[in-house]
Amino acid sequence: MSSEHTAKPENTKPGAEIAVVGGGLSGTLAAYLLGRAGHAVTLIDRHRNFPRTFRSEKLGPGEIEVFKRFGLSAAIAARAVPYDETVNIRRGQVVDRTHARHFGILYHDLVDAIRAEMPQGVRFVQGQVREVKAGARRQRIAIVGHEEVTARLLVLATGTGDTLRRDLGISRRIIRPRQSVAFGFNLCPTGAGGFRHTAVTLYGERVSDGIDYLSLFPVAGATRANLFVYRDRGDSWVRALRERPKETLGAALPGLAGAIGDFEVEGPVDSWITDIAVAENYRQDGVVLVGDAFQTTCPATGTGVARLLTDVERLCGSYVPRWTGHNVMTAADLAAFYDDAEKRRIDAYALAMADFRRRLTIGTEMEWRLRRQYHFALRRVLNGIDRLSPALVGKLRQLWGAQSRHNVPSAV
Ligand SMILES: Cc1cc2nc3c(=O)[nH]c(=O)nc-3n(C[C@H](O)[C@H](O)[C@H](O)COP(=O)(O)OP(=O)(O)OC[C@H]3O[C@@H](n4cnc5c(N)ncnc54)[C@H](O)[C@@H]3O)c2cc1C
């Protein structure tokens with residue numbers, strides 16, 4: 001495989017209008033949208049095909065809707081497993097059922113599905129960026145083993161990697177250290193006939209377990225499990241979950257086998273400890289940060305993809321067109337993106353959701369004990385009404401604020 005791929009002969013020069021560094025979901029989508037709008041774009045990433053990495057593994061209805069707007073839903077659907085009902089269970093009882101189209105899709109499949117749709121005019125350079133220099137007129141990107149790339153605008157989409165941000169004097173402040181631990185693994189049914197439900201969410205049963213929820217859903221060739229807990233990195237339970245997942249899960253969620261049927265854990269248990277971090281001193285000439293490079297998200301909230309979709313859609317759809325034709329890109333010009341009301345709203349919402357979910361799961365103060373009772377009781381009541389009048393429940397849910405524009409999963 002060649003380390004440099006040029007989709008369109010005209011865009012083979014190292015000078016581009018826009019350079020996107022980092023080809024995860026944010027960077028790949030940004031390059032796709034900018035290329036589609038006719039900009040000369042260079043996308044640079046370490047890997048030609050995104051490696052198998054534990055990140056977001058399903059898309060909700062709001063996210064699917066955005067991908068539809070981007071003209072990507074067919075390409076993504078071809079690699080995803082759709083499902084329409086999620087059964088939400090707590091302490092062995094059904095809380096409610098969520099009816100909405102979701103896609104189960106592993107992160108590398110999602111990123112590669114978008115890369116396969118890359119418009120002509122986007123040049124992909126496979127390589128490790130070792131240094132970036134930004135300024136109002138020209139951005140310089142030094143790539144190991146490649147000629148330097150220059151551009152008018154640099155989009156930094158490097159996820160949690162710190163090195164390049166540091167080159168620019170951009171720092172990262174951890175605002176919620178060790179917020180949560182996420183696990184990802186495959187479950188397979190041991191009984192004949194498979195699992196009882198296609199998709200299930202099981203909430204933690206005891207505050208002391210620190211379990212927010214276990215989400216089971218289909219992806220290509222497997223039933224995937226995402227488990228989100230609030231525990232310390234060195235906790236013996238965290239180690240036990242990695243080493244003896246079936247027994248550890250069974251002890252913490254005794255209703256699991258009853259809810260889905262008998263199971264085995266298959267293959268490795270991926271895990272990830274999240275520190276929520278925000279970029280600081282990011283208002284600079286010539287460079288914008290998107291996705292995790294700007295702010296990381298607690299995976300339990302399911303808002304990471306919604307956040308980055310907003311970043312990319314607002315940047316590529318509203319701001320880059322305004323800057324087209326500018327000879328200089330000052331921090332003051334680029335500030336409009338960071339000050340975008342929709343971006344600020346979803347960034348703040350993701351943080352508020354992270355605090356809410358953590359407290360709802362492990363808060364021991366009277367307020368949170370009551371809110372826990374209220375939260376699940378209200379959902380049970382809404383579930384009862386839903387059977388009689390789905391339209392009324394839709395309105396109540398809107399009032400309750402359970403859905404955001406990008407539809408943070410109602411299952412949580
Ligand atoms: C375990 C886990 C579970 C999650 N679950 C969910 C979920 O259920 N729902 C949800 O909405 N969100 C979820 N998220 C959040 C979501 O996955 C992230 O917000 C999203 O993947 C961030 O994408 P990104 O493109 O900003 O960064 P990344 O996907 O990390 O991409 C960064 C890219 O930059 C490249 N790069 C970095 N440095 C360099 C360099 N020097 N040179 C070249 N390339 C470089 C990397 O190779 C990589 O390709 C989860 C996150 C985690 C960690």
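The lining of the largest cavity splits by class into 4 nonpolar residues, 3 polar ones and no charged ones. The names behind those classes are Phe195, His197, Thr198, Val200, Leu216, Thr223 and Ile260. Keep in mind as you click through them that this is a predicted model.

How much space does the largest cavity hold? About 30 Å³. With a threshold of 30 Å³ or more, the count comes to 1 cavity. If you like to think in probes, the idea is simple: rolling one the size of a water molecule over the atoms shows where empty space is left.

Now zoom out to the domains. The protein chain is divided into three pieces, and domain 1 is assembled from 4-81, 104-174 and 277-354. Domain 2 covers 177-275, while domain 3 takes in 366-400. Measure between C-alpha centres in your viewer and domain 1 should sit 37 Å from domain 3.

Next up is the ligand. Around it are 28 residues, and the ones that come nearest are Ser26, Asp45, Tyr107, Asp292 and Val305. Sorted by class, the shell has 11 nonpolar, 13 polar and 4 charged residues. As for secondary structure, helix H1 (25-36) and helix H9 (304-323) each chip in at least two residues of that shell. Which helix gives the largest share of the shell around the ligand? That's H9, with 3 residues.

Some contacts are worth pulling up one by one. Ser26 uses its side chain: an N or O atom there is 2.7 Å from an oxygen atom of the ligand. Gly304 works through its backbone instead, with a polar atom 3.1 Å from a ligand oxygen. Gly302 also brings in a polar backbone atom, here 3.3 Å from an oxygen of the ligand. And how much of the ligand does the protein bury? Taken alone, the ligand exposes 1,000 Å², and the protein buries 95% of that.

How values were computed. Residues are numbered from 1 along each chain as its sequence is written. This is a predicted model: local features need pLDDT of at least 70, side-chain atom pairs count only at pLDDT 80 or more; totals for chains, interfaces and linings use all residues. Side-chain values use heavy atoms; hydrogens and water are left out. On a 1 Å grid over the protein atoms alone, a cavity is a set of points where a 1.4 Å probe fits but cannot get out, and a pocket is an open set with protein on both sides within 12 Å along at least five of seven lines; lining residues have an atom within 4 Å of a point. Grid points are joined across faces, edges and corners, and a volume is the space filled by probe spheres set on the points. Ala, Val, Leu, Ile, Met, Phe, Trp, Tyr, Cys and Pro count as nonpolar, Asp, Glu, Lys and Arg as charged, and the others, Gly among them, as polar. Domain bounds come from an automatic or database domain assignment. A residue is near a molecule or strand if one of its heavy atoms lies within 4 Å of it. A polar contact is a pair of N or O atoms within 3.5 Å; within protein, one must be able to donate a hydrogen and the other to accept it, and residues adjacent in sequence count only if both atoms are side-chain atoms. Accessible areas come from the Shrake-Rupley method with a 1.4 Å probe; for residues, only the protein chains shown count as cover. Helices (H or I, at least four residues) and strands (E, at least two) are DSSP runs, numbered from the N terminus.
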